[in-house]
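Visitor: I'd like to learn how to read a model like this one, feature by feature. Could you walk me through it?

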Amino acid sequence: MFRMKTIHKTYKLRLYPNKEQAELMSKHFGSTRFVWNYFLTERKQSYLESKKSLSYHDNARTLVTLKKTDEFSWLKDVNSQSLQSSLKDLDTAYGRFFKKQAMFPKFKKKGLCIDSFRCPQNAKIMDGKLQIPKFNPIKLNVHREIEGKMLFVTISKTRTDKYFAAITCEVKHEPLLKSDKAVGIDLGIKNLAVCSDGTIFENIKTTKKYAKQLTYEQRQLSKKKKGSNNRSKQKKQVALIHEKIRNTRVDNIHKFTEQTTRINGIIAIENLNIKGMIKNHNLAKSITDASWHELTRQLEYKSDWNNRNLIKIDRFFPSSKTCSFCNFINQTLTLKDREWICPNCKSVLNRDLNASKNILKQGLKILSGCGTQSELKKHGQASVSNQSL
Ligand SMILES: [Zn+2]
């Protein structure tokens, strides 16, 4: 039993609110979004006018005053802890920005962000229903057993009008058995991941099939009159396809990350950092970005749960251009070169497999304390954060 570890596990369950509950949820979505936007403006203004950075506590105090005014008294209709959670999220977003882990926080626009709010306390499940402050018990589909102590619940609504409760619990977890194996992973487009042990993990082919459907439904959408009922119906059709793509994609990635963390004790991967956060309107590319992030996210928590060593490699490390046999750097390598012959040692190298072997080597170097992160990283990050300001 000494191997047991306390982890945070999130269960996602479908909610079936009645009309009245759905309306109250909608109020919560709107109010938490309002709080985020209001205080983002306030923080920005304070900084511009007096170079003063406002803290969470400054914001929380103002929020209390705000609720007492006639203009904003409607904020009292929702769970005050959910509003405070929104402020905490804003504070975290600022913190992440200053640590150069994320872009500057953005305004939340209705319809463009996921509708959600959090209940940090006093949530429980009774008789198949979810109990949260301000609400009558909400019908819940408990399709699996919820283990551990419930910490907080996030309620969300998808663009396809489905409601979910993401219930985060503190759970006792038995980590996987130790492993001496190590792997390097190269993330790609044709293949989602190529591993240094030769494992190839393909990108799901369904994307192509859905892409066709999506183009069709989107064309239908463009024909519908703005603001019309038919248009909102068609919007939902488009969202349904996006949802299907996402679900298949995420399930697929789970298979990969489960296998990888089960087999390997050390996992080396490229650090995507800000690279993937840049918005891209090309469907295939944006799906790839999202997949890489999901894959990294899953590897992070699964490694943590199972005492695996996940090492992130500087994204400027020349993993593709370096020969994994002799370390020669091929400066003439282009993106098109899927296979190349090392001019130095004459090895025939498959681009992705070679890259994954280099990622593993670099990971092991960093782990042993010999690896250095390149100077380029600093320059690269500085230029990205300047852009976002
Ligand atoms: Zn070589």
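Guide: Let's take strand pairing. This is a predicted model, and in it β9 and strand β10 (residues 200-202) are antiparallel partners, with 3 bridges between them.

Visitor: Which residue stands opposite I200 of β10?

Guide: That's V194. The link between these two strands is a hairpin with 4 residues between the strands, and G198 there has a positive phi near 95°.

Visitor: What pairs with β9 besides that, and in which sense, parallel or antiparallel?

Guide: Strand β8 (residues 182-187) pairs with β9, antiparallel, over 3 bridges. Look for I185: its bridge partner in β9 is C195. Here too there's a hairpin, with 3 residues joining β8 to β9.

Visitor: Is β9 mostly covered or mostly open?

Guide: Mostly covered: 5 of the 5 residues in β9 (residues 191-195) are buried. As a general idea, side chains in a regular strand alternate between the two faces of the sheet. In β9, buried residues make up 5 of 5.

Visitor: Let's try another set of strands. How many bridges join β2 to β6?

Guide: There are 5, between strand β2 (residues 115-119) and strand β6 (residues 149-157), and the two run antiparallel. One pair to pick out is R118 with T154, its bridge partner in β6. Then follow β6 to its other partner, strand β7 (residues 163-173): 8 bridges join these antiparallel strands. In that pairing V153 faces I167 of β7.

Visitor: And what sits between β6 and β7?

Guide: A hairpin turn of 5 residues, where D161 has a positive phi of about 65°.

Visitor: On to helices. How do I check the span of α1?

Guide: Multiply the rise per residue by one less than the number of residues. Helix α1 (residues 19-50) has 32 residues, so at 1.5 Å a residue it should span 46 Å, and its end C-alpha atoms are indeed 46 Å apart. The 19 residues of helix α3 (residues 80-98) should span 27 Å by the same rise of 1.5 Å a residue, which agrees with the 27 Å between its end C-alpha atoms.

Visitor: What should I look at around the ends of α1?

Guide: Side-chain contacts at the start and phi values just past the end. At the start of α1, a side-chain oxygen of N18 comes to within 3.2 Å of the backbone nitrogen of E20. Just after α1, K51 has a positive phi of about 55°. For α3, a side-chain oxygen of N79 comes to within 3.0 Å of the backbone nitrogen of Q81 at the start, and K100, just after the helix, has a positive phi of about 60°.

Visitor: Which residues of α3 are buried?

Guide: Among them are L83, L87, L90, Y94 and F97. The list also takes in some others, including Q81, S82, S85 and S86.

Visitor: How about reading a single residue? Is S303 buried or exposed?

Guide: Find the element, then the accessibility, then the contacts. S303 is in helix α6 (residues 283-305). Its relative accessibility is 2%, so S303 counts as buried. Leaving out residues up to four places away in sequence, S303 touches T261, I267, R308 and L310.

Visitor: Let me hear the same steps for L140.

Guide: L140 belongs to strand β5 (residues 138-140). With a relative accessible area of 7%, L140 is buried. Beyond its neighbours within four places in sequence, L140 has contacts that include L13, L15, I125, L130 and A165. For a distance reading, take L140 and L295: they are 155 residues apart along the chain, and their C-alpha atoms are separated by 29 Å.

Visitor: Last one, the metal. Which residues coordinate the zinc ion?

Guide: C323, C326, C342 and C345, each through SG, at 2.2 to 2.3 Å. Along the chain these donors follow the spacing C-x2-C-x15-C-x2-C. C326 is in the loop between β12 (309-313) and β13 (339-341), while C342 is in the loop between β13 and β14 (348-350), so this pair ties together parts 16 residues apart in sequence.

Visitor: Why is the arrangement called tetrahedral?

Guide: Because the 4 donor atoms around the zinc ion subtend angles of 106 to 114°.

Visitor: And how accessible are C326 and C342?

Guide: C326 has 26% relative accessibility, so it counts as partly exposed. C342 is buried, with a relative accessible area of 0%.

Note on methods:
Residues are numbered from 1 along each chain as its sequence is written. This is a predicted model: local features need pLDDT of at least 70, side-chain atom pairs count only at pLDDT 80 or more; totals for chains, interfaces and linings use all residues. Side-chain values use heavy atoms; hydrogens and water are left out. Donors are N, O and S atoms within 2.8 Å of the metal (3.2 Å for Na, K and Ca); water is not among the atoms, so sites may look incomplete. Four donors count as tetrahedral if all angles lie between 85 and 135 degrees; four count as square planar and six as octahedral if opposite donors are over 155 degrees apart and all others between 65 and 115; anything else is irregular. Buried means under 20% relative accessible area, exposed over 50%, partly exposed in between (1.4 Å probe, protein chains only). Two strands pair if DSSP finds at least two bridges between them. A polar contact is a pair of N or O atoms within 3.5 Å; within protein, one must be able to donate a hydrogen and the other to accept it, and residues adjacent in sequence count only if both atoms are side-chain atoms. Contact means heavy atoms within 4.5 Å.
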